[in-house]
Amino acid sequence: MRAAEFQSIVVLTGAGISAESGVPTFRGPDGLWEGHRVEDVATPQAFRRDPVLVQAFYDARRAALARVAPNAAHAALARLDAQWPGDLLVVTQNVDDLHERAGARRMVHMHGELKSALCLACGERQTAPDTLSDGPACIRCEARRLRPDIVWFGEMPYHMDRIETALAACDLFVSIGTSGAVYPAAGFVQGARHAGARTLEINLDRSEGTHFFDEARHGRAGELVPLWVDALLKR
């Protein structure tokens with residue numbers, strides 16, 4: 001895979017890149033997320049049924065961000081963002097802020113952000129306070145109906161128009177630290193291939209979608225991503 005071939009890159013990142021910083025993966029081997037069934041903390045129905053539990057869960061996840069830091073893979077992608085002369089879009093499925101803290105700017109969060117809150121009364125998105133459990137008021141309409149600005153199961157991911165446009169125009173698609181099991185992100189590689197892009201998977205192990213990629217490199221993201229970025233920027 002020669003860097004000189006490429007002008008437009010789309011990078012998809014998933015839980016595996018942040019796991020190396022100590023962020024728990026979304027669903028553990030026991031099917032639970034931080035001790036809770038996903039159905040109890042990550043659906044609109046769960047929020048209607050038990051908003052106290054859901055708010056407390058995301059308050060704890062938000063607080064935990066202070067105890068983790070970007071790793072070498074985040075730093076490498078931020079360097080790519082700063083130095084790549086062509087088009088670049090980093091699409092993350094993660095709701096943490098590690099890409100931004102590393103310095104990435106050309107990026108979107110397709111599943112929302114822990115540090116953002118959404119008002120159910122007026123639709124305003126705003127920086128989330130440390131806790132949503134005590135019912136803070138919306139900065140726009142003053143209603144006390146803020147929820148975590150997270151895309152839950154059954155909801156439409158954010159920025160899909162921008163992502164699909166970038167996938168159709170890219171000539172290199174790279175997936176980092178993803179399981180290849182959660183759609184629509186799991187289908188991005190097929191969309192990029194259909195548009196003529198080369199495809200690369202960087203993952204700890206084989207994913208469910210490894211067979212769709214032109215090339216797969218398996219190992220720690222903190223080791224493999226800096227090597228890939230170094231080679232790309234030396235073209």
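**A predicted chain, from overall build to single residues**

Of the 235 residues in the chain, 50% count as buried. The model behind this picture is a predicted one. As for secondary structure, the chain comes to nine helices and 11 strands. Its radius of gyration is 18 Å, close to the 18 Å that the globule rule gives for 235 residues, so the chain is as compact as a globular protein of that length. Put in a box along its principal axes, the set of C-alpha atoms takes up roughly 55 × 40 × 30 Å.

How do the pieces of the chain meet? Looking at contacts between residues at least 6 apart in sequence, 64% join residues that are at least 24 apart. On the outside, the chain exposes about 11200 Å², and carbon and sulfur atoms supply 51% of that area. There are 26 positive and 30 negative charges, and the mean positions of these two groups sit 1 Å apart.

Helix α7, covering residues 160-169, is a nice one to look at in detail. Its buried residues are M160, I163, A166 and L167. These cover an arc of only 130° around the axis, which puts them on the same side of α7. Turn to the other side of α7 and there are D161, T165, A168 and A169, which are exposed. What lies over the buried residues of α7? The cover includes the strands β1 (8-13), β4 (87-92), β5 (107-109) and β9 (172-176), along with helix α8 (188-194).

Just before this helix comes H159, in the loop between β8 and α7. H159 has a phi near 65°, a positive value in a residue other than glycine. With a relative accessible area of 40%, H159 is partly exposed. E142 also has a positive phi, of about 70°, although it is not a glycine. E142 is found in the loop between β7 (125-127) and β8 (146-150). With a relative accessibility of 63%, over the 50% cut-off, E142 counts as exposed.

Back inside the chain, L77 belongs to helix α5 (residues 72-83). Is L77 buried or exposed? At 1% relative accessibility, L77 counts as buried. Setting aside neighbours within four places in sequence, L77 is in contact with V11, T13, I17, H99, I176, V225 and W228. Take V11 from that list: L77 and V11 are 66 residues apart along the chain, yet their C-alpha atoms are separated by 8.9 Å.

Q93 offers a similar look at a loop, the one between β4 and α6 (98-102). Despite that loop position, Q93 counts as buried, at 16% relative accessibility. Apart from neighbours within four places in sequence, Q93 is in contact with L12, T13, G14, M110, H111, T178, V182 and A185. With A185, the C-alpha to C-alpha distance is 8.0 Å, though Q93 and A185 are 92 residues apart in sequence.

One last stop is the peptide bond from Y183 to P184, which is cis, with omega near 10°. P184 is found in the loop between β9 and α8. Both of those elements were met above, as part of what covers the buried residues of α7.

Technical notes: Residues are numbered from 1 along each chain as its sequence is written. This is a predicted model: local features need pLDDT of at least 70, side-chain atom pairs count only at pLDDT 80 or more; totals for chains, interfaces and linings use all residues. Side-chain values use heavy atoms; hydrogens and water are left out. Helices (H or I, at least four residues) and strands (E, at least two) are DSSP runs, numbered from the N terminus. The radius of gyration is taken over C-alpha atoms; the globule rule is 2.2 Å times the number of residues to the power 0.38. Buried means under 20% relative accessible area, exposed over 50%, partly exposed in between (1.4 Å probe, protein chains only). Contact means heavy atoms within 4.5 Å. Accessible areas come from the Shrake-Rupley method with a 1.4 Å probe; for residues, only the protein chains shown count as cover. Lys and Arg count as positive and Asp and Glu as negative; His and the chain ends are not counted. The place of a charge is taken as NZ of Lys, CZ of Arg, CG of Asp or CD of Glu. The arc is that of the directions from the helix axis to the C-beta atoms.
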